[in-house]
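Work through these exercises with the structure open beside you. Try each task before reading its solution.

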Amino acid sequence: MDIGSAIRYLREKLGLKLEAVAMEVGTDAGNLSRIETGKQKPSIVRLENIARAMNVGVTDLYALVENVRVVPATSELRDGDELPYSDDTRALRRSFAALNARNRKLVIEFAKLLNRVEKEEQANPSKEGPPLSP
């Protein structure tokens with residue numbers, strides 16, 4: 001198995017669409033298809049971006065190429081672990097990446113504030129405020 005075949009195999013196994021992964025990587029579906037079919041070799045940076053878009057490591061891709069079984073230590077998420085990307089998460093990542101450093105810090109602080117409020121609401125359900133409109 002070559003690296004392109006490993007990318008395609010893992011993408012399909014994860015149920016990810018070619019177009020969605022290509023968009024997350026910042027390329028077009030045709031380019032990713034050429035990589036998957038072996039007609040084009042990805043650069044290291046592109047390979048890292050592809051792996052990140054599929055929420056796997058580059059080592060996971062090479063493990064498939066070398067036919068090595070990678071066994072995760074635990075399925076439990078720990079601080080710093082990444083969740084699989086939903087459409088909302090991808091949209092948030094793209095929007096966040098377009099911000100300047102000052103505004104990125106504001107977004108992070110706002111997210112922390114929302115997490116604190118949510119924890120307080122879960123601890124004291126009777127003190128919940130009115131629902132926010134979308």
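**Exercise 1. Which residues does R11 touch, leaving aside its neighbours within four places in sequence?**

Solution.
- Step 1. Keep in mind that this is a predicted model. Locate R11 in helix 1, which spans residues 3–13.
- Step 2. List the contacts beyond four places in sequence: R11 meets L16, K17, L18, V21, E36 and M54.
- Step 3. Check the side chain for polar partners. R11 makes a polar contact with the side chain of E36, at 2.6 Å.
- Step 4. Decide on burial. The cut-off for buried is under 20% relative accessible area. R11 has 8%, so R11 is buried.

**Exercise 2. Is E36 buried or exposed, and with which side chain besides that of R11 does the E36 side chain make a polar contact?**

Solution.
- Step 1. Find E36 in helix 3.
- Step 2. Read its accessibility. The value is 3%, so E36 counts as buried.
- Step 3. Look for the polar partner. The side chain of R8 makes a polar contact with that of E36, at 3.2 Å. The pair with R11 is at 2.6 Å.
- Step 4. Add the contacts beyond four places in sequence. E36 touches G4, S5, I7, R8, R11 and L18.

**Exercise 3. Describe the fold of the chain in outline.**

Solution.
- Step 1. Count the elements. There are 7 helices and 0 strands.
- Step 2. Write the order along the sequence: α-α-α-α-α-α-α.
- Step 3. Take the burial total. The chain has 134 residues, and 21% of them count as buried.
- Step 4. Look at contact range. Take contacts between residues at least 6 apart in sequence: 56% of them join residues at least 24 apart.
- Step 5. Turn to the surface. About 10000 Å² is exposed, and carbon and sulfur atoms supply 54% of that area.

**Exercise 4. Which residues have the most contacts inside the largest nonpolar core?**

Solution.
- Step 1. Size the core. The largest nonpolar core holds 17 residues.
- Step 2. Name those with the most contacts inside it: I7, V21, L32, I50, M54 and L61.
- Step 3. Assign the contributors. Helix 1, helix 2 (18–25), helix 3 (29–36) and helix 4 (44–53) each give two or more residues to this core.
- Step 4. Follow one member outward. Beyond four places in sequence, V21 is in contact with R11, L16, L32, A53 and M54.

**Exercise 5. Why can the buried residues of helix 1 be said to line one face?**

Solution.
- Step 1. Collect the buried residues of helix 1: I3, G4, A6, I7, L10 and R11.
- Step 2. View them down the helix axis. They fall within an arc of 160°, so they line one face of helix 1.
- Step 3. Check the face turned away from the buried side. It carries the exposed residues E12 and K13.
- Step 4. Identify the cover. The buried residues of helix 1 pack against helix 2, helix 3, helix 4 and helix 5.
- Step 5. Inspect both ends. At the start, a side-chain oxygen of D2 comes to within 3.2 Å of the backbone nitrogen of G4. After helix 1 comes G15, with a positive phi near 75°.

**Exercise 6. Repeat the analysis for helix 4.**

Solution.
- Step 1. Collect the buried residues of helix 4: L47, I50, A51 and A53.
- Step 2. Apply the axis view. The arc is 165°, so these residues line one face of helix 4.
- Step 3. Turn to the other side. I44 and V45 are exposed there.
- Step 4. Identify the cover. It includes helix 1, helix 2, helix 3, helix 5 (58–65) and helix 6 (87–97).
- Step 5. Inspect what follows. N55 comes after helix 4 and has a positive phi, near 60°.

**Exercise 7. Set A22 beside Y62: is each one buried, partly exposed or exposed?**

Solution.
- Step 1. Place them. A22 lies in helix 2, and Y62 in helix 5.
- Step 2. Read A22. Its relative accessibility is 1%, so A22 counts as buried.
- Step 3. Read Y62. Its value is 38%, so Y62 counts as partly exposed.
- Step 4. List contacts beyond four places in sequence. A22 meets T27, D28, A29 and L32. Y62 touches I3 and L47.
- Step 5. Compare sequence with space. Y62 and I3 are 59 residues apart in sequence, and their C-alpha atoms are 6.8 Å apart. For A22 and N49, the figures are 27 residues and 9.5 Å.

Definitions and conventions. Residues numbered from 1 in each chain as written. Predicted model: local features only at pLDDT ≥ 70, side-chain atom pairs only at ≥ 80, totals over all residues. Heavy atoms only, no water. Helix = DSSP H or I, 4+ residues; strand = E, 2+ residues; numbered from the N terminus. Buried < 20%, exposed > 50% of the residue type's maximum accessible area, 1.4 Å probe, protein only. Polar contact = N/O pair within 3.5 Å; in protein donor to acceptor, adjacent residues only side chain to side chain. Contact = heavy atoms within 4.5 Å. Areas by Shrake-Rupley, 256 points an atom, 1.4 Å probe, with all protein chains shown as cover. Core = buried A, V, L, I, M, F, W, Y, C linked by side-chain atoms within 4.5 Å. Arc of directions from axis to C-beta.
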